[in-house]
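Colleague: Could you take me through the charged pairs and the confidence of this one? I would like to see the reasoning behind each call.

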Amino acid sequence: MGCSSSRTITEGRKEKIRRPRSWKHPQPISRAELTQMREEFWDTAPHYGGKKEIWDALRAAAEEEDLSLAQTIIESAGVIVQNTDLTICYDEKGSKYELPKYVLRDPSNLIITK
């Protein structure tokens, strides 16, 4: 029935978000390089479609260390989470938002300098 699809969307939004699984960049990468990649993604992301407000909420959630606060940001913006690691999300009008892992979690081969 038609009701089941709307219930599924609502239930999906209530799932707890989590960080993506550990990942490895093709070669070791510095914090500066990772930051540059992230800035380039966020600067160009709205050009892929969707609403700027949703992109802003996704960025705020991705950059938030506290997952419960990130969850609140996502829910407040009306973001529908398909993958609990935030790699695929939708807005209430059905626009798709895909986030690369590098904006959601540091790689396992990040070069740490002191």
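Colleague: Is Glu98 buried, partly exposed or exposed?

Modeller: This is a predicted model, and Glu98 pairs with Lys96 in a salt bridge, 3.7 Å from N to O. The relative accessibility of Glu98 is 48%, and buried would need under 20%, exposed over 50%. Glu98 therefore counts as partly exposed.

Colleague: Which residues are joined into one network by salt bridges that share partners?

Modeller: Happy to show you: the structure holds six salt bridges. One of them links Arg38 with Asp106, with the closest N and O atoms 2.8 Å apart. Sharing of partners gives one network of Arg31, Arg38 and Asp106.

Colleague: How many residues apart in sequence are the parts that Arg38 and Asp106 tie together?

Modeller: Arg38 sits in helix H2, whereas Asp106 is in the loop between helix H5 and strand S5. The pair therefore ties together parts whose separation in sequence is 68 residues.

Colleague: Which helix holds the salt-bridge partner of Glu39?

Modeller: Good one! Glu39, in helix H2, meets Arg59 in a salt bridge of 2.7 Å, N to O. The two are 20 residues apart in sequence, and Arg59 lies in helix H3.

Colleague: Which element has the lowest mean pLDDT?

Modeller: The protein averages a pLDDT of 86, and helix H3 has the highest mean among the elements, 96. Over residues 1–13, however, pLDDT stays under 50. The lowest mean, 40, belongs to residues 2–14, helix H1.

How values were computed:
Residues numbered from 1 in each chain as written. Predicted model: local features only at pLDDT ≥ 70, side-chain atom pairs only at ≥ 80, totals over all residues. Heavy atoms only, no water. pLDDT = per-residue confidence, 0-100. Helix = DSSP H or I, 4+ residues; strand = E, 2+ residues; numbered from the N terminus. Contact = heavy atoms within 4.5 Å. Salt bridge = Lys/Arg side-chain N within 4 Å of Asp/Glu carboxyl O. Buried < 20%, exposed > 50% of the residue type's maximum accessible area, 1.4 Å probe, protein only.
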